[in-house]
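Trainee: I should like to understand how the terms used for a protein model are justified. May we go through one together?

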Amino acid sequence: MDYPFPTNQHGHLEIGGIDAVDLAQKYGTPLFVYDVSIIRKNARAFVETFRSLGVKYQVAYASKAFSSVAMLQVANQEGLSLDVVSQGELYTAIQADFPVEKIHMHGNNKSREELEMAVQYGIGCIVVDNFYEIELLKEILQETNRSMEILLRVTPGIEAHTHDYILTGNEDSKFGFDLSNGQAEQAFLLANASPLLHVKGLHCHIGSQIFETDGFIMAVRRLFESLHQWNQVYDYTPEVLNLGGGFGIRYTAEDEPLPLVDYVEALVSEVKQQAESLRLPVPEIWIEPGRSIVGNACVTIYTLGSIKNIPGIRKYVSVDGGMTDNLRPALYQAKYQAVVANKANHDLKEQVSVAGKCCESGDMLIWDIDVPDINHGDLLAVFSTGAYGYSMSNHYNRFPKAAVVFVEDGRDQLVIKRESYKDLTRNDLQYAYNGGVLN
Ligand code: LLP
C-alpha cells in the first residue's frame, strides 16, 4: 500500500525525514506523529483549486478532527478558516491566536455561555442550528448591543455514506432545520426579520468519509431549490453556501478516495451552474474539511508487549495503547493498516491481530494483519490516525493521554505533552464524609 512514509537505510519507517524508532525513543509510546508537510499539502490542494476556479471561497478546517494550539497555528499559516463546535474548541483557537473573524461556530445545542463567548470575541459566523438558538442569540446580541453574521444549518434530505448516499424524504437528524417541511423557511423568516442577525446563507453537511461527488451535487441542487423560492418570494439573495466536510481518505487498500481537487471542482461547477440557471449571483462557497486535512498526515507508534498465541485460531499481539487513543475501531469497526516500524523492510511472515490494552474484549485495533517475525519491544506504526484519533481519546482505565509530535523538514517538536498520572488525578478531591463510620 502506498502510504507517504518511506523506509530508510536502517530498514526503519521514516516520517517527515525522521526515523520512527528515534521518535519512539525520544518521546515514548503511544505517540501520534504528524508530518506537517502533508497537512499543508492537503490544505493547499483545497485552497489552490478554489483559487484556480476563480470563485470566492473559505476552506474552514473542522477542528473537531484534531484540535491543538500547534495544529491551529498551521491551519492559520495555510490561510484556512476554522470550524469550532464548542467553547473548548473556540478557547483553543483563541489560545492559538487564530483570527476571530475567520472562525465559524457549530453545534446543535450551543449553550448561552458558548454563544456569549462567540459574541464577545466577535467570531466571523455562527452556524445556527435550531429555533431555541435563534432566540438565545437574539437575546445575547440585544444585551450586548452587537450583531452577528449567521448561516442556517439545513438538512437537505441527503445522507452520504462511504460509497453511496441515500435520500431521506424527511431527514431524521438532530442537526439543523428541515428543508422539506418548511422549517428552514420559517427559521429564515425569523432570523431575517431581526436587525441583529445577518443571514449570509445556508449550511449543510451530508456525512463523512464520502468517496463520490453525487451526494454533494444533489445537496447543492436541494439548497438552490429553496434559495430560488426565497429569492422569488422574499427577494433574498444568499451570499454564502457552506457545503460542509466529509471528503474521504484512505485507511486501507479497500478505500478509494477521490483526489481532493475533484470534490472542489464538482462543487464549484454545480454551484455555478445552479446559480446561473436560476439567475442568482454565484455565492461564496465554503467547505469544512477535517479528516481530509489531517487524517493521512499522522502515524501512531505503539510498542508491542504481550503476545498470546492460540494455535490454529489466532495470535493476539498487544500494544501499549488502544481504544483510549483510537476509539474508531471499537466504535465504528474502522479498519487500519500498519507496519512494524523497526522492521519495515522485513518479509511478512505471519498474520496476527493487534489488541489494545484496555480491559474490554472489543479493544482491538486491527484484525488479521500480516507482519514480519515480531517480538516484544517492536514498534507498530498505524497509518492514517490523524483525524478523530487524539480528538476522541479518553481516559478509560485511567490511561494518561498520549503525546503528539509534529515533524517537518527533518525537525521534530513536541506539540502536546504526554499526560502524567498527576494530570489524571488533578481534579480529584478527597471525600470529606466517612458515612458515619467511627474510626
Ligand atoms: N462540518 C460538520 C458540520 C461536521 O459535522 C463535520 C464532521 C465536519 C464538517 C468534518 O467532517 P470530515 O471532513 O472530518 O469528515 N468521529 C467520526 C467522524 C464524525 C464527523 C462529525 N462531523 C469518525 O471518526 O469517523
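Mentor: The following exchange sets several terms against their definitions. This is a predicted model, in which local features need pLDDT of at least 70, side-chain atom pairs count only at pLDDT 80 or more, and totals for chains, interfaces and linings use all residues. Residues are numbered from 1 along each chain as its sequence is written.

Trainee: Why is K64 called buried?

Mentor: A residue is buried if 20 or more other C-beta atoms, placed from the backbone, lie within 10 Å of its own, exposed if 12 or fewer, and partly exposed in between. K64 has 20 other C-beta atoms within 10 Å, and therefore K64 is buried.

Trainee: What does K64 touch, not counting residues up to four places away in sequence?

Mentor: K64 touches V85, E89, G290 and S391 on that count. Two residues are in contact if their C-beta atoms, placed from the backbone, lie within 7 Å.

Trainee: Which UniProt annotation covers K64?

Mentor: The unreviewed UniProt entry gives "modified residue: N6-(pyridoxal phosphate)lysine" for K64. Such annotations may be inferred rather than shown by experiment.

Trainee: What makes a residue part of the shell around the ligand?

Mentor: Its C-beta atom, placed from the backbone, must lie within 6 Å of the molecule. The ligand is surrounded by 19 residues, and the closest are S208, G245, G290, R291 and Y388.

Trainee: From which domains does the shell draw at least three residues each?

Mentor: Domain 1 (14-35 + 295-425) and domain 2 (36-293) each supply at least three. These bounds come from an automatic or database domain assignment.
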